[in-house]
Amino acid sequence: MVRSVQADDEPHVIRRGWRLHGNGRTIAPGERVLPEERLSWPRTISIGAQHVVAMFGATFLVPLLTGFPPSTTLFFTAIGTLLFLLITKGMMPSYLGSSFGLLAPIGAVTGFSATAGEDLDSHAMALAQGGIISVGVTLALVGLVVHFVGVRWIEVTMPPVVTGAIVALIGLNLAPAAWDWVKAAPLTAVITIVAILITTVAFRGMLGRLSILIGVFVGYAAAWLQGQIDFSTVSQARWVGLPTFHAPAFDLGYLGLFLPVVLVLIAENIGHVKSVGAMTGRDLDRLTGRTLFADGFSTILAGSGGGSGTTTYAENIGVMAATRIFSTAAYLCAAIIALILSMLPKFGEIIATIPPGVLGGAATVLYGMIGLLGVRIWVENRVDFSNPINLNTAAVSLIVAIANFTWSPGGLQFEGIALGTASAIVVFQLMKAIARWRGTDPDALVESLAEAADPVEADAQSRTKTDPG
């Protein structure tokens, strides 16, 4: 049995290397490959390739919608992921893909329309890059504060009912995107979904764990047979070439558009930490500061060279949930594969031809898994939904995210994930404060009854809650 890694016993995986899980070839039912472990390198590379496939569609979609160079964006996601693994000591499995949270402010600055057929204005792009850098700097500073001050504020501000809601709403908010892809080619999407589901239960060992990758291949073949794939961009692309880099420019007047995105990235990173913690059975809060700093630093680099801002990717959480393989060695392989692809324009265009039906099928499975990870946090922490505070916290935040509520004060725009996250925190804290003031908090009543029945035991439980270490 692998013992949990505590804060005072934290290995530096990148420096010491990954230990082999079992014989490196097989995984017993119910077992997990932990971050500091790996399978044989061929199997690890195949898992890394699956992570690349999972993030590729969304990572390429952001630059296509903003007019930024796709290869440049892919290049910086690869570099950012390598730095992320280094900064988190190889203990936090994640791929840093393109952030959708930056679409609105970038569009507001550049005025670019993906359907207008016009090139992106070079100066406007530079100003948007300056905004991206400001987001990265702010996020990195938040990460430093969290790392040195501690994560107690997370426990107070975001207890399990809140963190579970945040994780769930991130996955459920993405559901309309999956549906939009599915509508483009319903038959292909259904074939992809069926292939993923059947592969998961029909095959033993690695084949079963590569269900997402195999499902995408099957869906791609089905799309090709139906004539849904356009190879015209492939023939026009070069075989080898460096990405195009672009220098940033700064205008303080645009900071108000970009800085609110920091809240979204904080929520996504915390949700990622909580999700991985739930799946691995570990308390990973101690890595939250490193995670935030690493994502901020990666976003700074991306903005400096012409790439989109980065974030921990929900798609890859889904892959980990499906495979139960959390090895950061797989993410090292994924970053290297992505780096190579960013320098092979022709092969990158082939990957970019993955049609909407295939993306929709895979996203239906992955986004659903992400949503249920939030439910898992509730179950494992025994969140009591007979408590109206917990019930209303989850109810309001989920509906806000699923319906993608939008608020646009003074030209700024906040959508489902940001508003849902804020709703979860505000609703819980406000209801909790009022309930304690009025003496109607069910948790406080239970504690009072317990104290009256057994003062010694109640005092011990109270000390345990306030001092979990």
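Me: Relative accessible area under 20% is buried, over 50% exposed and in between partly exposed, using a 1.4 Å probe and protein chains only. Which class does Arg 324 belong to?

Reply: Arg 324 is partly exposed, since its relative accessible area is 25%. This is a predicted model, so local features need pLDDT of at least 70 and side-chain atom pairs pLDDT 80 or more, while totals for chains, interfaces and linings use all residues. Numbering starts from 1 along each chain as its sequence is written, and side-chain values use heavy atoms, leaving out hydrogens and water.

Me: Where does Arg 324 lie, and what is the sign of its phi?

Reply: Helices (H or I, at least four residues) and strands (E, at least two) are DSSP runs, numbered from the N terminus. Arg 324 sits in the loop that joins α16 (314-323) to α17 (328-342). Its phi is positive, about 60 degrees, although Arg 324 is not a glycine. Asn 404 is another non-glycine residue with a positive phi, near 55 degrees. Asn 404 belongs to the loop between α20 (388-402) and α21 (416-438), and at 31% relative accessibility it counts as partly exposed.

Me: Is Ser 99 buried or exposed?

Reply: Ser 99 is buried, at a relative accessible area of 1%. You will find Ser 99 in the loop between β3 (96-98) and α4 (103-110). Contact means heavy atoms within 4.5 Å. Leaving aside residues up to four places away in sequence, Ser 99 touches Val 62, Leu 265, Glu 268, Gly 309, Thr 310 and Thr 311.

Me: How many residues does helix α15 have, and what does it span?

Reply: The expected span is 1.5 Å times one less than the number of residues. Helix α15 (residues 288-305) has 18 residues and reaches 26 Å from first to last C-alpha, close to the expected 26 Å. Most of α15 is covered, with 13 of its 18 residues buried. Just after α15 comes Gly 306, where phi is positive at about 105 degrees. Now try helix α5 (residues 122-149): its 28 residues reach 41 Å between first and last C-alpha, close to the 40 Å expected. Gly 150 follows α5, again with a positive phi, near 115 degrees.

Me: At what angle do α11 and α19 pack?

Reply: Axes are lines fitted to C-alpha atoms, for helices over the stretch in contact, and angles run from 0 to 180 degrees between N-to-C directions. Helix α11 (residues 211-225) packs on helix α19 (residues 356-380) at about 155 degrees, their axes being 9 Å apart. From α11, the contact uses Ile 212, Val 216, Gly 219, Tyr 220 and Ala 223, and from α19 Val 358, Ala 362, Val 365 and Leu 366. By class (Ala, Val, Leu, Ile, Met, Phe, Trp, Tyr, Cys and Pro nonpolar; Asp, Glu, Lys and Arg charged; the others, Gly among them, polar), the contact of α11 with α19 has eight nonpolar, one polar and no charged residues.

Me: Which helices can I look at next to α11 and α19?

Reply: Start with helix α8 (residues 175-184), whose axis comes within 7 Å of the α19 axis, crossing at roughly 145 degrees. Among the residues of that contact are Trp 181 of α8 and Tyr 367 of α19. The α8 contact with α19 divides into nine nonpolar, four polar and no charged residues. Then turn to helix α9 (residues 186-202), which packs with α11 at about 145 degrees, with axes 8 Å apart. That contact includes Ile 191 and Ile 196 of α9 and Ile 214 and Val 218 of α11. Its residues are nine nonpolar, seven polar and no charged.
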